[in-house]
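Hi,

Here is the structure I promised to pass on. Have a look at it first, and my notes on helix packing and the interior follow below.

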Amino acid sequence: MAEHRHVADCGERVLLTVPQLEATSSPYRELMALCKGLTRRGFRLDVCSLRPNGSDITGSQLAAMGVGWFVARFRPAEYGLSGWLEFLKYRRVIRGRGRYAIHHSLDFTSMPLEAWSSPSFADHFLFTQRSMNRNGYRWALKARARRAGVVVGISEGVCGYLRSLQVAPSKIRRVYNGFHLSVPQGVKAAVPGILCVAHLQRGKRQIDLIRAVARVRERQSDIMLRLVGEAYDTEYEHQLRLECRRLSLEKHVQFLGRRTDVPALLAQSSILVSCSETEALGTSIIEAMKVGVPVVSSRAEGPSEFLVHQENAWLVDTGDVAGFAEGILNLLENETLRQRLVDRARATAERLFSPEPMVEAYAAIYRELLARGCASDRKCQTLRGAS
């Protein structure tokens, strides 16, 4: 099994668990920012990946930062006998690496098995809730939260959802995701291009955008819409394609599927549009803000935390097709408005979604947990004073 041990042996031991190490999958960028920043703040990290995806490249990057890494199935692929036996085997692998002070899960699942097993190899467990748990189980997430010393929500909306599950408010912290984004240079759209990055699901409401594009086309005849996202709901994808046909938009709408080059696609686009009913945060919106692409967004709870209408984005009520068309046309035809939104959006992204504030917030949470667990120890008394 591929793995890498620590280069240095100093600082409090922290285990970060992630679904995979692919550079194009979440939470790769946040993980790399944490590894780089936390090692500079006196923590000694290991990364455990559920799957080997991406370990050939990301593993060497982690090793260069002095971060240990290994692959182990910290939750079973299935919950039959073979899955449980596999889980027990890999739990022994994790325990064999020695005891950790902190176990921080960045896994997306709501299932509590990882939290239940954490005390066998770590003193403190916390996890980052990165979604609104739409496809998960409320009971499972509640059980997971009960086992955690801290539960981090990536937005106020997620934190509100956690409170609705009766997670103790004293456990909940809000930490925005922070990351750097390399921006392709010298790329321009040949025609006015709209980009939407969201899995094809009914709650993402791409059908509203298709109908809005039909209205925009009355004034912008060469408009092009690119839909990026996996078809999680194939029946809904079929409905979207039928709607394109009904509105004579077959040549103006492209279904690109899952893509790994979203920053490059953004650089080729004139506007990013999000029509979702709800978002935990809105990563593609933040990417557009960093790249310098103006945003038209629904007033979903996640993006509404940092987007202000006609200040750093154009906001529309969910389901308002005419409103989306108006926003798109205003940004295509009013360069002064467009540039103002772009400049202020970039400043917002720099202030809220840079790696440094995220890393410092997690470092403070780690110090808090360590101080809780060893208040009588002189070393931890010193650590508490440093926080």
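The crossing of α7 and α11 is right-handed. This is in a predicted model, so please read everything below in that light. The two helices cover residues 206–216 (α7) and 321–333 (α11), and their axes come within 8 Å, crossing at roughly 55°. That angle makes α7 oblique to α11. On the α7 side, the residues in the contact are Asp 208, Leu 209, Arg 211, Ala 212, Arg 215 and Val 216. They meet Val 321, Ala 322, Phe 324, Ala 325, Ile 328, Leu 329 and Leu 332 of α11. Sorted by class, this contact has 10 nonpolar residues, 3 charged ones and no polar ones.

The next pair to look at is α10 with α12. Helix α10 spans residues 283–291 and helix α12 spans residues 335–352; they pack at an angle of about 115°, and their axes are 7 Å apart. Here the crossing is left-handed. From α10, Met 289, Lys 290 and Val 291 take part, while α12 brings in Ala 345, Arg 346, Thr 348 and Ala 349. The classes in this contact are 4 nonpolar, 1 polar and 2 charged.

Then there is α1 with α2. The axes of α1 and α2 (residues 55–64) come within 10 Å and cross at roughly 20°, which makes α1 roughly parallel to α2. Their crossing is right-handed. Tyr 28, Met 32 and Cys 35 of α1 are in contact with Thr 58, Gln 61 and Leu 62 of α2. That contact divides into 4 nonpolar and 2 polar residues, with no charged ones.

Helix α1 also turns up in the last item, the cavity search. How many cavities of 30 Å³ or more are there? The count comes to 1, and the largest cavity has a volume of about 50 Å³. Its lining is made up of Pro 27, Glu 30, Leu 34, Leu 106, Thr 128, Arg 130, Asn 177, Met 358 and Tyr 362. Which elements give two or more residues to that lining? They are α1 (28–39) and α13 (355–373). By class, the lining of the largest cavity holds 5 nonpolar, 2 polar and 2 charged residues.

Happy to go through any of this with you.

Best wishes

Key
Residues are numbered from 1 along each chain as its sequence is written. This is a predicted model: local features need pLDDT of at least 70, side-chain atom pairs count only at pLDDT 80 or more; totals for chains, interfaces and linings use all residues. Side-chain values use heavy atoms; hydrogens and water are left out. On a 1 Å grid over the protein atoms alone, a cavity is a set of points where a 1.4 Å probe fits but cannot get out, and a pocket is an open set with protein on both sides within 12 Å along at least five of seven lines; lining residues have an atom within 4 Å of a point. Grid points are joined across faces, edges and corners, and a volume is the space filled by probe spheres set on the points. Helices (H or I, at least four residues) and strands (E, at least two) are DSSP runs, numbered from the N terminus. Ala, Val, Leu, Ile, Met, Phe, Trp, Tyr, Cys and Pro count as nonpolar, Asp, Glu, Lys and Arg as charged, and the others, Gly among them, as polar. Axes are lines fitted to C-alpha atoms, for helices over the stretch in contact, and angles run from 0 to 180 degrees between N-to-C directions. Angles under 35 degrees count as roughly parallel, over 145 as roughly antiparallel, 65 to 115 as roughly perpendicular and the rest as oblique. A crossing is left-handed if the near helix is turned anticlockwise from the far one by less than a right angle, and right-handed if clockwise. Contact means heavy atoms within 4.5 Å.
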